[in-house]
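Let's take a walk through a protein model together, looking at empty spaces inside it and at a pair of helices. Keep the structure open beside you as you read.

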Amino acid sequence: MKLVEIFEKVADFRVINRSWHKLSEILVLSLCALLSGADDFEEIEEYGHQKEEFLLGFLELKNGIPSHDTINRVFRLLDKTSLESCLRTYSQEIMEGLKNRQINIDGKVLRATGKRGKKTAALCLVNAWVAESCLSLGQVKVNKKSNEKTAIPEIIENIDIKGALVSIDAMGCDKKIADLIRENEGEYLLALKKNQKGHYEEVHDWMKSRKDTMISFEQQDYVGGRIEKRRTYVTQNLTYIDESLDWRDSTSIIMVEGERKFKNGEQKDTFQTRFYISSATGDAEYFGAAVRNHWSIENQLHWFLDIIFNEDRQRVREGNAPDNMAIMRKMALQILLQNKGSSSLKKVRKRAAWNDDLLLKMLF
C-alpha cells in the first residue's frame, strides 16, 4: 500500500467542509519535509513553498501550502493512536511476519520537551524495534505520573508478537509482563534486576557457583578505542532455582559477564555481570546474540533519531504534537533505512532533498 493511501485512512478530527487542506496531504507534506531535512513546523511550511511544483505531481493542494500554524494545530489535535496505526501498518507491509524475529522494547525520553526545572515533565515513549529489518513497530506514551513498566503491556497488545522473542531490560522484569507475552504467543527475554532481591540472589549464587561446568560463548568487539569481551552462560536446569519456576513457561537462565578495557588508559576498565530469564530454549551462542541484539534499539533507533533528526532538541510540547511528530520521524527513518544501501543516513537524507526522482521512489 502506498504511503499516501495509508495516510488517507487517518480519521479527520476537523469539521467537515470547513477545512482548507486535506489531512492526508498535510501528513504527506510533513513526511516529505522530514525526509528532506526539515525538523519543525516552520521548516515544513518552507519546504512546501520551495517544492510546491514537485508536490503538485501527486497532491492536489487546492488551497496551496498550509501555514506552519495550521500544520502545528493539526499535529497538536490529531489522535496519536490513529497516526500510530499508520506506522504499524507501514511496518507490517514491509515485514511479512515476526516469526523467529526479535522485538526489542525500551523507553526513550525526549529531553527538550520538558520544561526547565521539572525533571519529570519531558515526554517519555516506549518503543518496539526489530533490528533485523530496521523497523519501528510502534510507540506508547508513558503517563507522567507513572513509569515505563505501565506502558509496556499496551505496546505488547498493540503489535503482533506471535513467534517472536521479546527482549526488555530491567524495567520489564515483571511476572505479569511475562504472562502477557506468553498469552500473545511470544517468547520473553527479561533482564533480572536487584530489587527482586530473593530471585536475583538465588540466580546469582547458582550461576556463579556452577559456571565452570557450563558451555559458554565468548564475543569480542573493538569499538572506539576500547575492547569489549562478553562471555555468556546458560542453564535450562531450573530445578533448584525456586523463584524462577514461578515465572510462566520459564526454561532458561542466562548470565553474561562483560569486560571493557580502554587502550588509552584515560578511563578505568570495567567488569559487569548481568542475569536474564527466558521462556525460549537455546544455547549460549543464541542468547549471547539475543542479549547483544537487544541494545540495537539504543544503538540504532534512538541514536538515529537523535543524530539524524535531532529528536532530543525538538521543543514541540503542546497537545499530541510531540507524540505525532515522533511517529512521523520514525516513519521517515524507516524509509531512509530501506533506501540507504551502503551510504550514510545523513547522505541519503540530503539526496532525498536534492533528487525529486529518488524521493518519489522512496514514497511510492
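Which element gives the most to the lining of the second largest cavity? Before we answer, keep in mind that what you see is a predicted model. The answer is α1, with 3 residues.

Let's look at that space a little longer. The second largest cavity has a volume of about 30 Å³. Its lining is made up of Leu 3, Val 4, Phe 7, Val 28, Leu 31, Leu 363 and Phe 364. Two elements, α1 (3–8) and α2 (23–35), give two or more residues each to this lining. If you sort the lining residues by class, you find 7 nonpolar ones, with no polar and no charged residues.

How do people find such hidden spaces? Rolling a probe the size of a water molecule over the atoms reveals where empty space is left. In this model, there are 2 cavities of 30 Å³ or more.

Now turn to the largest cavity, which holds about 60 Å³ of space. Around it you can pick out Ser 167, Ile 168, Asp 169, Leu 189, Ala 191, Tyr 276, Ala 290, Val 291, His 294 and Trp 295. Where do these residues come from? At least two of them are supplied by each of β4 (165–168), β5 (187–191) and α10 (284–294). Of these, α10 has the largest share of the lining, 3 residues. The classes are mixed here: the lining of the largest cavity has 7 nonpolar, 2 polar and 1 charged residues.

Our last stop is a pair of helices. Two packed helices are described by the angle between their axes and the distance between the axes. Find helix α11 (residues 296–309) and helix α13 (residues 345–354), which pack at an angle of about 50 degrees with their axes 10 Å apart. Because of that angle, α11 counts as oblique to α13. The crossing in which α11 passes α13 is right-handed.

Which residues make the contact between the two helices? On the α11 side they are Phe 304, Ile 308 and Phe 309, and on the α13 side they are Leu 345, Lys 346 and Arg 349. Sorted by class, the contact of α11 with α13 has 4 nonpolar residues, no polar ones and 2 charged ones. Try finding Phe 304 of α11 in the structure, and then look across to the α13 residues of the contact, Arg 349 among them.

Conventions: Residues numbered from 1 in each chain as written. Predicted model: local features only at pLDDT ≥ 70, side-chain atom pairs only at ≥ 80, totals over all residues. Heavy atoms only, no water. 1 Å grid on protein atoms, 1.4 Å probe; cavity = no way out; pocket = protein on both sides within 12 Å on 5 of 7 lines; lining within 4 Å. Points joined across faces, edges and corners; volume = space filled by probe spheres on them. Helix = DSSP H or I, 4+ residues; strand = E, 2+ residues; numbered from the N terminus. Nonpolar A, V, L, I, M, F, W, Y, C, P; charged D, E, K, R; others polar. Axes fitted to C-alpha atoms, helices over the stretch in contact; angles between N-to-C directions. Parallel < 35°, antiparallel > 145°, perpendicular 65-115°, else oblique. Left-handed = near helix turned anticlockwise from the far one by under 90°. Contact = heavy atoms within 4.5 Å.
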